[in-house]
Every structure is written in C-alpha cells, then in structure tokens.
Amino acid sequence: MKNVLEYLENSAQKYPDKTAVIDPDGQCSYSELIARAKVIGTVLAEHIQRHQPVVCYMDKSVSCLQAFFGIVYAGGFYTLLDPSFPQERVNQILNVLQPAAVLTTHAYDAEVEKLGENQNLIYLEEIGGDINEAVLAQRRACAVDLDPLYCNFTSGSTGVPKGVLVGHRSVIDFIDIFTERFGITNEDVIGNQAPFDFDVSVKDIYPAIKTGATLVIIPKAYFMSPVKVIDMLDDHHVTTMTWAVSALCMLIRLHGFKYKVPGAIKRIMFSGEVMPIKQLNKLRGYYPNAMYVNLYGPTEITCNCTYYILDKEFGEDEKIPAGIPFDNETVFLLDENDHPVAEDGIVGEICVAGTALALGYYNNPEVTAKHFVQNPLNKLYPERIYRTGDLGSYQNGLLYFAGRKDFQIKHMGHRIELEEIETVLGNVEGVSHACCAYDEARNKVVAFYVGEVEKAQIISRMKETVPEYMVPNVFKQMESMPLTKNGKTDRKALFQMYKEGAL
C-alpha cells in the first residue's frame with residue numbers, strides 16, 4: 001500500500017452498504033463516503049496542485065471526514081482549523097500553511113471573518129456534479145507513499161504553533177500494526193472523542209476505515225454533559241474507546257458511568273498524559289473484563305511508539321509503564337552525552353526511529369533540523385531519529401515515562417510549551433514579568449506574574465489569543481520574581497514556594 005485511499009476503497013468494496021461514519025446529525029455508508037469524497041476531490045483538483053495544503057474550517061463531523069478524503073483524492077493534504085480558535089491563532093496557522101483552499105460550510109458564516117479576505121473559500125454545500133475519474137486517476141498515478149497526508153498543529157516555544165506534517169507511509173505503517181495488535185475488526189464500533197486536529201483521532205479514523213468498522217463521532221460540546229456521551233456510547237454499541245486521559249477522567253469525575261454503563265465496550269486505550277491510578281481503578285470497576293492499554297508517543301511519530309497492555313491491578317503509589325515499542329519502531333534512551341542508556345532506573349531522553357516518524361514541521365526547516373536528527377549512535381549511514389524531549393527509564397524491560405526534558409507539558413490531552421503561555425501572558429497590558437509552571441499532581445498550569453492587572457482581565461485577554469486549554473488554571477501575583485545567580489527567573493524556587501503554600 002502507498003496511499004490511505006486504499007483503506008477506503010477496500011472497505012467500500014467489501015462493505016458498500018455498511019455505516020462508515022455517524023454523528024448526531026447524520027451518517028453515511030462506505031459507498032456514500034467514497035462517492036462524496038470523489039465529488040469533492042474532482043472539484044478541488046481544479047483549485048489545488050499535488051502536495052498543497054487544504055484547510056477544513058469546521059468541527060469534526062461526517063462532512064468533515066468526507067472532506068478529508070476528498071482532499072486526498074485531489075492529491076493534497078488536510079488540516080482541520082477549529083472555528084472556535086481565537087483570531088490570532090487562526091492567523092498564525094494560516095500564515096504557516098498558506099493553504100491553496102479552505103473548505104467550510106455556511107454553518108460557520110459568523111466565524112469565517114477570522115480567515116481574512118484572501119482565502120480561496122469553498123463551501124461544501126455548493127460542491128456537486130459528476131465525478132471525473134480521469135482527473136482523480138491522474139492525481140493518483142503520481143502518488144508516492146511519502147506524500148503528505150495531514151498537518152496537525154502543536155504549541156511552539158516562540159509563540160508560533162508548529163505544523164507536524166505526517167505522510168501516508170507513516171500512517172499506513174502504524175495503523176496496520178495498531179489494528180492487528182489490538183484485534184480491531186469490521187465488527188467493531190469506534191467511539192471518537194478526540195478533535196480531528198488532535199493526533200489521537202488518527203487512531204479512530206484510520207482503524208475504522210481500514211477494517212470496515214463504524215466510526216461514531218461524539219461532538220466536543222457533548223463532553224459538557226456526560227449523559228449525552230454515555231447515551232451515544234450505548235445507543236451505537238461502541239466497542240472501542242481510544243481517548244485522551246483527560247476525557248476519560250472527566251467522564252469518571254462527573255459520574256457518567258453512574259448514570260449508565262454502556263454494555264458493548266471491550267477495549268479502552270488512553271494516551272496524552274499519565275493516567276491517574278485512582279481514576280483507572282474506578283473505570284476498571286465498571287469494566288473489569290475490558291482490555292486496557294496505555295499508549296505513549298508524541299504527534300511527531302504518528303500517534304504512539306510504545307504500548308502497555310495492563311495485565312494486573314495497580315496500586316495508587318505505582319506507575320503505569322509506557323511499555324514496549326510497536327513493531328517496526330525503535331525506541332531508545334540517550335544520556336546528556338548522547339550515549340545509550342540501558343541500565344534499569346537510569347533516566348535518559350526518549351528517542352524514536354522508524355517509518356512512523358513524521359515528515360517534519362511544515363514550512364519550518366530550522367525546527368525540523370533541531371528535532372529530526374541523525375542517530376548519534378550510527379556513524380555509518382543516514383538514519384533519522386526524533387528526539388522527543390521526554391525523559392524515561394527502564395525497569396524489567398519496560399519503559400517508564402519520567403517527565404519533560406524542557407518546559408513542554410501535556411495538559412488536558414494537548415502538548416503545550418509553557419514558554420508560549422509565558423509569551424502570551426507577558427504581552428498582556430499591565431504584566432511586566434511572567435513565568436509558568438505545571439502542577440502535575442493537580443493537573444494545573446500555574447502562572448506567576450508581576451503587575452497590577454487583575455486575574456479576570458488576564459484571562460479575558462489570553463482567551464483572545466490562545467485556545468482555552470492554554471489559559472492557566474491558577475494565577476499568583478508577585479511583587480518580584482526570584483532570580484538565579486545568573487539573573488534568570490528561578491523557576492524551581494517559584495514552584496517550591498507555590499507547593500509549600502508560601503504564595
């Protein structure tokens with residue numbers, strides 16, 4: 001295989017009338033999905049060249065998935081841009097991408113002003129007509145497995161988000177192994193929690209399309225009301241949940257499963273953050289016979305590089321392993337001198353090699369060269385690795401996550417640079433100095449700042465610039481910041497004062 005469209009075409013041939021994807025507003029069969037994707041692809045081929053980016057400016061939905069595959073049929077790659085993002089973030093992403101076209105619907109007419117006047121806007125409602133198989137075949141004939149498929153944006157330390165560009169080969173390599181390892185088949189119903197601009201959704205979309213399973217899209221808004229989420233899981237007989245830890249924990253904390261325990265769930269996989277044992281054990285109380293899998297890995301290696309199938313009960317003082325590498329991925333630790341770390345209990349930086357690595361950061365060669373590098377252990381031939389910036393250690397043959405090497409964090413399932421939050425906070429009028437820390441135990445971003453501005457004003461201003469999940473949860477007003485002997489903000493001292501309740 002060299003193109004994910006082969007997943008769709010194989011399933012449409014085997015299961016033409018089966019429901020491929022469903023959301024609260026509609027559904028489509030595999031034959032309808034492929035037909036609509038080809039119509040969209042035919043129209044888009046008049047607007048874009050191969051390898052060009054196309055933005056989907058919409059929430060996740062059946063129509064959105066049809067648009068994704070339409071973009072691929074036209075030879076382009078897709079990025080979902082959330083209409084709820086503030087103007088500044090929309091501008092930043094558009095500036096990086098310079099998309100050839102923007103697909104949207106009239107449901108977002110109120111938000112579309114954020115896109116500016118120079119975008120090639122195409123409304124899905126207005127796309128129709130016949131499929132031009134000759135044009136699509138021409139685009140397909142030029143395809144290679146290293147063609148870009150999607151670009152998901154993560155936080156950047158300079159304040160500008162980074163676009164992680166992932167190719168067809170990386171997704172195919174990972175999804176083939178993922179579905180086989182966890183036994184996902186056409187009999188499964190996959191309950192999608194993750195937004196389509198978050199790489200966890202890749203583990204929903206492509207396992208479903210590859211195997212001929214049904215994908216159930218649960219809207220983001222439903223997670224404000226766990227009853228709606230539980231009803232969707234139950235009504236559609238969802239068997240598989242591959243969710244961010246924060247979403248699972250929220251459902252547990254809001255007592256969703258006390259309302260109802262959907263009976264078909266047999267597979268619960270989680271990633272994005274460390275799963276709290278207390279919440280995990282509550283979940284296991286509802287589903288004692290389900291398969292539980294801890295998945296680890298950043299966006300840059302196409303979802304995950306290691307997994308651990310939970311085979312025992314964990315006490316609240318224990319850590320869940322990140323586990324062992326997926327087939328065809330090499331995961332290893334390097335110390336500060338780029339020497340390999342193999343001894344149990346010794347911490348090193350987690351590095352990854354293999355075909356599941358992303359192509360790099362779109363339109364950002366400097367940052368790509370910094371993180372996607374030659375393997376320092378191999379002096380004989382080119383071998384690209386990704387340095388995750390995560391720390392880990394081994395114990396009895398299993399990898400354990402040990403925190404961040406820098407100030408990058410995982411919060412609410414999203415990867416965030418604390419420095420980006422500091423940049424935005426420092427730009428708020430009235431703030432003269434800002435520093436952020438992450439209280440992992442309480443899952444809170446803590447902001448320390450010098451200035452006379454009130455907390456409410458800071459929150460209001462930040463929400464104009466960054467997504468809500470990047471706005472700090474705790475604000476501490478300081479007269480001045482503690483400094484190290486080198487004159488830098490003493491982050492350790494600040495956080496220690498906070499933990500001791502001195503602030």
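# Exercises on a predicted model

**Exercise 1. At what angle do helix 1 and helix 7 cross, and which residues meet?**

Step 1. Take the axes. Helix 1 (residues 5–14) and helix 7 (residues 202–211) have axes that come within 7 Å and cross at roughly 45°. The model is predicted.

Step 2. Name the arrangement. Helix 1 and helix 7 are therefore oblique to each other.

Step 3. List the contacts. Helix 1 brings Tyr7, Leu8 and Ser11. Helix 7 brings Tyr206, Ile209, Lys210 and Thr211.

Step 4. Sort the residues by class. The contact of helix 1 with helix 7 holds four nonpolar, two polar and one charged residues.

**Exercise 2. What is the strand order in the open sheet of nine strands, and where does helix 7 pack?**

Step 1. Read the order. The nine strands run 2-1-10-9-11-12-13-14-15, and the pairing is mixed.

Step 2. Find the edges. Strand 2 (26–29) and strand 15 (324–325) each have a single partner strand, so one side of each lacks a neighbour in the sheet.

Step 3. Look at one pair inside the order. Strand 9 (residues 189–192) and strand 11 (residues 240–244) run parallel and are joined by two bridges. Gly191 has Met241 in strand 11 as its bridge partner.

Step 4. Add the helix. Helix 7 packs on the sheet and touches strand 9, strand 10 (214–217), strand 11, strand 12 (267–271) and strand 13 (291–296). The direction of helix 7 makes about 155° with that of strand 9.

**Exercise 3. How many residues of helix 2 are buried, and which strands does helix 2 lie across?**

Step 1. Compare the span with the expected one. Helix 2 (residues 30–44) has 15 residues. From first C-alpha to last, helix 2 reaches 21 Å, close to the 21 Å expected at 1.5 Å a residue.

Step 2. Count burial. In helix 2, eleven of the 15 residues are buried, so helix 2 is largely enclosed by the rest of the structure. Among them are Tyr30, Leu33, Lys38 and Leu44.

Step 3. Place the helix. Helix 2 lies across strand 1 (19–23) and strand 2, at about 90° to strand 2.

**Exercise 4. How many bridges join strand 7 to strand 8, and how many residues of strand 7 are buried?**

Step 1. Count the bridges. Six of them join strand 7 to strand 8 (residues 162–167), and the two strands run antiparallel.

Step 2. Pick a pair. Thr154 stands opposite Lys162 in strand 8.

Step 3. Check burial. Seven of the seven residues of strand 7 (residues 148–154) are buried, so strand 7 is largely enclosed by the rest of the structure.

**Exercise 5. Which helices lie across strand 25, strand 26 and strand 27?**

Step 1. Set out the sheet. It is open, with three strands in the order 25-26-27 and mixed pairing. Neighbouring strands are turned by 20° against each other on average, direction ignored.

Step 2. Take one pair. Eight bridges link strand 25 to strand 26 (residues 444–451), and these strands run antiparallel. Cys436 is opposite Ala447 in strand 26.

Step 3. Add the helices. Helix 13 (residues 418–426) lies across the three strands, at about 150° to strand 25. Helix 14 (residues 455–463) also lies across them, at about 125° to strand 27.

**Exercise 6. Is Thr302 buried or exposed?**

Step 1. Locate the residue. Thr302 is in the loop between strand 13 and strand 14 (306–309).

Step 2. Read the backbone. Thr302 is not a glycine, yet its phi is positive, about 55°.

Step 3. Apply the cut-off. Buried means under 20% relative accessible area. Thr302 has 0%, so Thr302 is buried.

Technical notes
Residues are numbered from 1 along each chain as its sequence is written. This is a predicted model: local features need pLDDT of at least 70, side-chain atom pairs count only at pLDDT 80 or more; totals for chains, interfaces and linings use all residues. Side-chain values use heavy atoms; hydrogens and water are left out. Axes are lines fitted to C-alpha atoms, for helices over the stretch in contact, and angles run from 0 to 180 degrees between N-to-C directions. Helices (H or I, at least four residues) and strands (E, at least two) are DSSP runs, numbered from the N terminus. Angles under 35 degrees count as roughly parallel, over 145 as roughly antiparallel, 65 to 115 as roughly perpendicular and the rest as oblique. Contact means heavy atoms within 4.5 Å. Ala, Val, Leu, Ile, Met, Phe, Trp, Tyr, Cys and Pro count as nonpolar, Asp, Glu, Lys and Arg as charged, and the others, Gly among them, as polar. The expected span of a helix is 1.5 Å times one less than its number of residues. Buried means under 20% relative accessible area, exposed over 50%, partly exposed in between (1.4 Å probe, protein chains only). Two strands pair if DSSP finds at least two bridges between them.
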